[in-house]
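I set out to look up how the chains of this model meet, and which charged and polar pairs could be found in it. My entries follow in the order in which I made them.

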Protein chains: 2
Amino acid sequence: MEPVFGLPINIPPRSSGERLRALHGQLRAAILAGRLQPGLRLPSTRSLADACGVSRNTAMAAYDLLSSEGYLASRPGAGTYVANVLPDLTQRRAPRERRQQPMSDRRLNAFWRDSAGMLDLPRPSALQFDFRLGIPDVVHFPMDVWRRLSSRALRAYSKAHLGYDFAHGRPVLREAIARYVSFSRAVACQADDITVTAGAQQAFDLLARILVTPGRTVVAVENPGYPPVRAAFAAAGAKVVAVPVDEEGLVVERLPANAAVVCVTPSHQFPLGSAMSARRRAALLEFAHARGAVVIEDDYDAEFRFGERPLDALQTLDRTESVFYVGTFSKSLFPALRLGFAVVPAWARRALGAAKRCADSHSSPIMQEALAAFITQGHLARHVRRMRRVYGARREVLLSRLREEFGRWLEPVPSVAGLHLAAQALGSVDVAAVVESAREREVGVYPVERFRVGKGGGVSGLVFGYGALDEAGIVAGLARLRRVFGK
Amino acid sequence: MEPVFGLPINIPPRSSGERLRALHGQLRAAILAGRLQPGLRLPSTRSLADACGVSRNTAMAAYDLLSSEGYLASRPGAGTYVANVLPDLTQRRAPRERRQQPMSDRRLNAFWRDSAGMLDLPRPSALQFDFRLGIPDVVHFPMDVWRRLSSRALRAYSKAHLGYDFAHGRPVLREAIARYVSFSRAVACQADDITVTAGAQQAFDLLARILVTPGRTVVAVENPGYPPVRAAFAAAGAKVVAVPVDEEGLVVERLPANAAVVCVTPSHQFPLGSAMSARRRAALLEFAHARGAVVIEDDYDAEFRFGERPLDALQTLDRTESVFYVGTFSKSLFPALRLGFAVVPAWARRALGAAKRCADSHSSPIMQEALAAFITQGHLARHVRRMRRVYGARREVLLSRLREEFGRWLEPVPSVAGLHLAAQALGSVDVAAVVESAREREVGVYPVERFRVGKGGGVSGLVFGYGALDEAGIVAGLARLRRVFGK
């Protein structure tokens, strides 16, 4: 390889993917060091490519990068030369006087200064047998179909000259979702009722924003319950009240009389897994109707039901436009999709659309079009049906092993749906110690207590997700867990 | 075509894409009408396909949909049969007693009840020559490259068993963005400083949430300015103060002494287009330092600069960790990508990540991986360089025509960057009447007044976006506009 301007340029082997980076970095360093002087005309990309033994595309890319960074300039006839005015890197590069500041600061508002930790997630686990919650299995997902549909959506998009888009979501997707949930969950809705969101979490967050008056609105959540829902309402300034849950779901009689919003998981209580009884459903709707309260029905994983017929959704039973139904495609497709939706009563629709526009303008129209095609072509129904079998088998294995081998310590909580199962701890089981010892054996199980606010009372136990572990993994993980209990 | 159970099933022609829908709908109707009775065993998918003249895949998809909806069930050995327990559709289908409710409601908080209209967008234009703002031209975008990179990202994702992801963004993208803006905009940052957001709008919204104490925090915005930024801070409960702009940018001397947050567009003022002078930049940073205020630097389209070298970003000049720099890929790639970022001082990082997690968990890791590859392989720099030429040529045409033919009425505002140009109205030009008459001639131009809060004062004029019109379109649109002025 020939030197370029006397510079020995070292280019890594072709397969390393680092060639452009190396070429760019070494040219830049030479310019910064003054070895390539301002005004100096550079060799053509072809000569550079030959000299360094890289492709001409790589040479062009290096010049493009350097030009966009201000190191190179070009003029017709004069070719490419080292720019006169260099970014003043020396000044910028000087070690910046970073004051020793805390990671929090009085410039933050009190809520986020004090509560940021509430939303810290545990680091992604490296455990061998992790009964993680809320993670679907993507191995069986028809990625080839999805790839084809999203490529097609991208192609259509690039021809459509779209600018910014509908805040509520693309009409074709709203239509597809309305039809899908009308039948799969008997949720009474039409396309106009649907607002597409960035996963269920954004639906909760936007609803919190339009429904809560900071410092005033009382919001009831389940205890134990799903922490990110609590966080969204707390962040919006609500007075969040945690209301206990029993084997019939939320204890409606314990709702504070002034609750203006009630968040529930009636199909599959998070994390206990029980379904809200018909009696409690009626009582909750009666409460909402009598007090002018609204109900947020989080139906996060109810597509995966294993019984004959599910109880009606609250939304289906509602006659007073009090219920917001929230669904997600994070479990039925995959979390990286970041698409969910809310079924929204007419009176809140315009406000919710405005809040969505304020939050992030709209969700990706390309992903939305691909999802619409996935639903209308029947792939979603087919995939859900397939995964119902897969998850059902895992659930059976998990349940039977828990009953056969852990009966002295754990009693599974009855449930008919979802991607996880809870088991109540019996007698003197030290749940925290079990979780800790299991972790040392590469088994991840989760204490019900993690999802509870306040001390004492309520079920103590463990939660097992079976979306991320197949049947063999479940068996092996439980065998290790058995040794923890056997100690 | 043979009848199925004596039902005449009508299937539309193959090319219509409606075959599945027709088959599914007619079978469902027959079940609902009781013509296919519970317990009835259905023909195999092969027989159904033959009978109706559809493919076997379509027949299977129809059964899958009906099964997932609860109309059909199957048992090994018993095949597929009409389910016993039908969803109670009759009840649900009864015309719902929808109260005549206003689109607003006391259950909404006061802000969204009163302000939802503030974020209503004009309907997508059907004008022939629309000088829309903020829309890039995607015709020249290397969609084939993007498609390849996003397919690859999807493939990698489907093998990686990812669950939920980092709130701040994927490390590879944060690294790529940091390196890109370090050089292209001389913004001093590293990967840790970057938070990936759903477009710049989400960055403003999240910053509003962590920086504003409702009812207390005073936030200064430019007047005229970008309405969605104003909206995000108003929605968070800030006292928003609109501060005038002149040819040197924000009039720093007019900032309220108690402003805790100052939002500016120093590279290319929105909508006037002027760059903030060096003097004002220094004064603004001094203000922030002296009063403990923070500056939000919105650098929405500064990649497209047409002068020699841009002024340093405020972030580059900042020595007190007072500046949040916000960038977007909506202009340099395309808006449907929904990715932007903020460069965040250390003291606010944890709170911002928590707010992002609360808002929507995280942005799509697939899109993030594709974008990271697009940047590190040099495609972004190359595309920006190409588009700088394209937009530069359009801007030249627009400027020269405005000067030559509209000199009596309009005076272009000097600017060196971006995708739009403003022109000040001279003398007695009735801007509103011009906009209206132009619209009747299929020409979209936008009054500066639309972006101003409060009455009177300040520049009156028109804004011309040139992202959505090519040179010929600009020439033709201006010719029509000329006739409006010539009247």
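**Entry: a salt-bridge network.** I began with A:D64, B:R382 and B:R385, and found these residues linked in a network of salt bridges. The model is predicted, and I read each distance below as a computed value. For the pair of B:R385 and A:D64, I noted a salt bridge whose closest N and O atoms are 2.7 Å apart. I then asked how many salt bridges there are between chain A and chain B. The count between these two chains is six; over all chains, I obtained 28 salt bridges.

**Entry: the interface as a whole.** I next looked up the polar pairs, and recorded 26 residue pairs in polar contact between chain A and chain B, both residues of each pair being at pLDDT 80 or more. Which helix of chain A gives the most to the side that touches chain B? It is helix 12 (residues 346–360), with twelve residues. I sorted the residues of this side of chain A into 51 nonpolar, 32 polar and 36 charged.

For the extent of the interface, I found 119 residues of chain A in contact with 118 residues of chain B. The two chains bury about 10700 Å² between them, and 55% of this area is on carbon and sulfur atoms. In chain A, I listed A:R107, A:F183 and A:W347 as the residues that lose the most area to chain B; together they account for 8% of what that side buries.

**Entry: relation of the copies.** I superposed chain A on chain B by a rotation of 180° with 0.0 Å of shift along its axis, and the RMSD was 0.1 Å. The two copies are therefore related as by a two-fold rotation axis. I also noted that the same surface serves both copies, since 99% of the contact residues of chain A recur in chain B.

**Entry: a second pair across the interface.** I looked up A:R209 and found a salt bridge with B:D205, the closest N and O atoms being 2.7 Å apart. This pair crosses between chains: A:R209 is in helix 8 (residues 199–211) of chain A, and B:D205 is in helix 8 (residues 199–211) of chain B. I recorded both A:R209 and B:D205 as buried.

**Entry: pairs within chain A.** I turned to A:R280, which forms a salt bridge with A:E253 at 3.3 Å between the closest N and O atoms. A:R280 lies in helix 10 (residues 278–291) and A:E253 in the loop between strand 7 (249–250) and strand 8 (259–264) of chain A, so the pair ties together parts that are 27 residues apart in sequence. Are the two partners buried or exposed? I found A:R280 buried, with a relative accessible area of 3%, whereas A:E253 is exposed at 55%.

I compared this with A:D165 and A:R170, which form a salt bridge with the closest N and O atoms 2.6 Å apart. Here I entered A:D165 as buried, at 6% relative accessible area, and A:R170 as buried, at 13%.

**Entry: A:H168.** I located A:H168 in the loop between helix 6 (143–160) and helix 7 (171–184) of chain A. Why does A:H168 count as buried? Its relative accessibility is 17%, and the cut-off for buried is under 20%. I found a polar contact of 2.9 Å between the side chains of A:H168 and A:T195. Leaving aside neighbours within four places in sequence, I listed further contacts of A:H168, among them A:R174, A:I194, A:V196, A:R349 and A:L352.

Notes
Residues are numbered from 1 along each chain as its sequence is written. Chains are lettered from A and ligands numbered from 1 in the order in which they are written. This is a predicted model: local features need pLDDT of at least 70, side-chain atom pairs count only at pLDDT 80 or more; totals for chains, interfaces and linings use all residues. Side-chain values use heavy atoms; hydrogens and water are left out. Copies are superposed by least squares on the C-alpha atoms of residues with pLDDT of at least 70 in both. Contact means heavy atoms within 4.5 Å. Helices (H or I, at least four residues) and strands (E, at least two) are DSSP runs, numbered from the N terminus. Buried means under 20% relative accessible area, exposed over 50%, partly exposed in between (1.4 Å probe, protein chains only). A polar contact is a pair of N or O atoms within 3.5 Å; within protein, one must be able to donate a hydrogen and the other to accept it, and residues adjacent in sequence count only if both atoms are side-chain atoms. Buried area is the accessible area (1.4 Å probe) that two parts lose on being put together, summed over both. A salt bridge is a side-chain nitrogen of Lys or Arg within 4 Å of a carboxyl oxygen of Asp or Glu. Ala, Val, Leu, Ile, Met, Phe, Trp, Tyr, Cys and Pro count as nonpolar, Asp, Glu, Lys and Arg as charged, and the others, Gly among them, as polar.
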